[in-house]
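Student: I have a structure open and would like to learn how to read its features one by one. Could you walk me through it?

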Amino acid sequence: METTRRGFLSAATLSTVGLVAAATGINSLTPNQADAAITASIKSGFDKAPGELEDFVFDIEHGSKGFISSAGTAKEATVEEFPVSQSIAGVSMRLNPGAFRELHWHSIAAEWAYVLEGKVRTTAITPDGTTSTDDFEVGDIWYFPRGHGHMLQCIGDKPCHFLLGFDNGHFSEFGTFSVTDWLSHTSPEILARNTGLPANLFASIPKKELYIGMGKIAAEAKPTNISSGIPISSSSHKFRMETDAILQEFKGGYTKIVSSKEFPIQNSLTALRMNLEPGAMRELHWHPNADEWQYVMSGQGNVSIFGSHGRVKTMPYGKGMVAFIKQGYGHYIENTGKETLKLIVLFNSSEYQELSLNHWLNSNPTQLVADHFGFSLKETSSLANHQTGIY
Ligand code: MN
Ligand code: MN
C-alpha cells in the first residue's frame with residue numbers, strides 16, 4: 001500500500017513526506033502509522049486551498065480609459081485593468097488616415113499585432129543595423145522583439161484597427177520609449193551635436209511626447225528613407241496569418257496556428273486564429289507550457305476554466321473582450337450566439353502544446369476509466385467514437 005502511494009507522489013511531495021518522516025520518526029512507525037502520516041501530509045497540502053478563481057474576462061474596448069484623439073485611439077488591458085493577465089498585455093488601437101504611432105521601443109516587452117481593419121505600414125530597426133518597412137492588410141500579423149525601434153502608420157484613405165499583444169502583462173502602451181519624449185527633454189545643444197542640425201530647430205519642438213501624431217496621408221507606394229544606404233533586414237517581421245497559416249478544420253470550426261516554426265522572429269509567443277460556428281464547442285483541454293490570452297473579434301460565447309480544488313468558473317464574453325487562462329488550467333469554450341465566434345489567441349511560448357481530455361481518456365484502459373466514474377464497460381467504450389477539437 002505504502003509503496004503504491006509513494007509511486008504516485010511527486011518529487012515535491014516526497015520531500016514533504018521526508019520532512020514528516022524526520023519530524024515523526026517515520027522509520028520507527030508501523031506501516032499503518034507511516035501510511036497515516038503520509039496521508040496527513042498530503043491532506044495538509046490539499047487544505048492549503050487557494051482562494052476563489054479570479055475574474056478572467058475583461059472588456060478592453062469599454063473597460064479602460066485609454067488614449068483618445070482625432071488622430072486615433074488606444075485601449076489597453078494590462079495587470080492594472082486585468083490583474084489575472086500577468087504574462088500578456090493587450091491594446092486595441094485605431095489610427096485615422098494620416099495618423100502614425102510615433103517611433104518608439106519597449107524596454108520590457110515584445111510586440112505582436114493582428115490587423116483587423118484597413119492597412120498599416122511599419123518600420124523597424126534591428127540591432128544588426130538593418131531596417132525594414134512592411135505593409136500589412138487584414139489578417140496579417142507582425143512581431144517586433146523587445147527593445148527594437150518601430151513605428152506604425154495608417155496607409156491610404158481609410159482608418160485602420162489592429163490588436164496589439166505584448167509578452168508581459170506589466171507592459172503599458174502609455175509608458176513606451178518614444179522619440180519625441182526623449183528629444184523634447186534633452187538640451188537643444190546636445191541634440192545639435194548629436195544630429196548636426198541647428199540647435200534652434202530643437203528649441204521649438206513641443207515639450208511632450210507626441211504618442212499618436214497626424215501627418216500627411218501615406219501613399220500606398222513604398223516611401224523613400226532619409227538614407228538609402230541602410231541594408232534591409234533579412235528576418236521578416238511580417239506573416240500573412242489568415243492566408244498562409246496551416247488550416248486545421250473540424251466539424252464545428254477551424255484553427256490556424258502560427259508558432260516560431262512558421263514565423264521564426266515570433267520567438268516568445270504562439271498565435272492562433274479560431275472560429276467556432278453557432279452551437280459549437282471547443283473541447284475540454286489544457287496547455288502544459290503556456291498561458292492563453294484571447295480576444296473576441298466577433299460573436300459571443302462562454303469560457304469555462306478549471307483551477308483544481310473543485311474550482312470551476314464560467315464567464316461570458318463577446319466582441320472586443322479579452323480572456324486569460326493560466327498555464328495548465330483546464331478549459332473549454334462554447335459559442336452561445338447566432339454568429340460565428342471568431343477569436344485571436346496568444347500563448348506565451350514559441351511552441352504550441354495542448355492536451356485534450358477526450359484524447360487522454362481514450363488513451364487509458366477501458367476498465368480503469370469505467371472505475372473512475374462508475375460507468376459500464378459498454379458506456380466507457382463509446383468514448384472512442386467521439387470527435388476531438390471543435391464540434
Ligand atoms: Mn510598440
Ligand atoms: Mn486553449
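**Reading the model**

Tutor: Let us begin with two residues: His-285 and His-287 are both buried. Buried means under 20% relative accessible area, exposed means over 50%, and partly exposed lies in between (1.4 Å probe, protein chains only). This is a predicted model, in which local features need pLDDT of at least 70, side-chain atom pairs count only at pLDDT 80 or more, and totals for chains, interfaces and linings use all residues. Residues are numbered from 1 along each chain as its sequence is written, chains are lettered from A and ligands numbered from 1 in the order in which they are written, and side-chain values use heavy atoms, with hydrogens and water left out.

Student: Which residues are the protein donors of the manganese ion (ligand 2)?

Tutor: Donors are N, O and S atoms within 2.8 Å of the metal (3.2 Å for Na, K and Ca); water is not among the atoms, so sites may look incomplete. For the manganese ion (ligand 2), the protein donors are His-285 (NE2), His-287 (NE2), Glu-292 (OE) and His-331 (NE2), at 2.1 to 2.2 Å. Along the sequence these donor residues are spaced H-x1-H-x4-E-x38-H.

Student: And what are the protein donors of the manganese ion (ligand 1)?

Tutor: There, His-104 (NE2), His-106 (NE2), Glu-111 (OE) and His-150 (NE2) lie 1.9 to 2.3 Å from the ion. The donors of ligand 1 follow the spacing H-x1-H-x4-E-x38-H along the chain.

Student: Why does His-104 count as buried?

Tutor: His-104 counts as buried because its relative accessible area is 2%. His-106 is also classed as buried, at 2% relative accessibility.

Student: Let me step back to the whole chain. How many helices and strands does the protein have?

Tutor: Helices (H or I, at least four residues) and strands (E, at least two) are DSSP runs, numbered from the N terminus. In this protein there are 11 helices and 25 strands. Of its 391 residues, 46% count as buried. The accessible surface comes to about 19900 Å², with 57% of it belonging to carbon and sulfur atoms; such areas come from the Shrake-Rupley method with a 1.4 Å probe, and for residues only the protein chains shown count as cover.

Student: What share of the contacts joins residues 24 or more positions apart?

Tutor: Contact means heavy atoms within 4.5 Å. Among contacts in the protein with a separation of 6 or more, residues 24 or more positions apart account for 75%.

Student: How do I read a sheet?

Tutor: Strands of a sheet pair through backbone hydrogen bonds, either parallel or antiparallel. Two strands count as paired if DSSP finds at least two bridges between them. Here, 5 strands form an open sheet in the order E21-E20-E23-E18-E25, with antiparallel pairing. Its edge strands are E21 and E25 (355-356), each pairing on one side only.

Student: Which strands does E20 join, and through how many bridges?

Tutor: Strand E20 (residues 300-306) is mostly covered, with 5 of its 7 residues buried. E20 runs antiparallel to E21 (residues 312-318), joined by 7 bridges, and Phe-306 has Val-312 in E21 as its bridge partner. To E23 (residues 330-335), also antiparallel, E20 is joined by 6 bridges. Ile-305 stands opposite His-331 in E23, and His-331 is one of the donors of ligand 2. Further on, E18 (residues 281-286) pairs with E23 in the antiparallel sense over 3 bridges, where Arg-282 stands opposite Ile-333.

Student: What is special about phi in the E20-E21 turn?

Tutor: Most residues other than glycine have a negative phi, and most peptide bonds are trans. E20 and E21 form a hairpin with 5 residues between them, and Ser-308 in the turn has a positive phi of about 65°. His-309 lies in the loop between E20 and E21 and has a positive phi of about 50° although it is not a glycine. Ser-308 is partly exposed, with a relative accessible area of 33%, and His-309 is partly exposed at 38%.

Student: Finally, which residues have the most contacts inside the largest nonpolar core?

Tutor: A nonpolar core is a set of buried Ala, Val, Leu, Ile, Met, Phe, Trp, Tyr and Cys residues joined through side-chain atoms within 4.5 Å. The largest one has 51 residues, and Trp-112, Tyr-295, Tyr-317 and Leu-343 have the most contacts inside it. Strand E24 (residues 341-347) gives the largest share of this core, 6 residues. At least three residues come from each of domain 1 (57-239) and domain 2 (245-385), with bounds taken from an automatic or database domain assignment.
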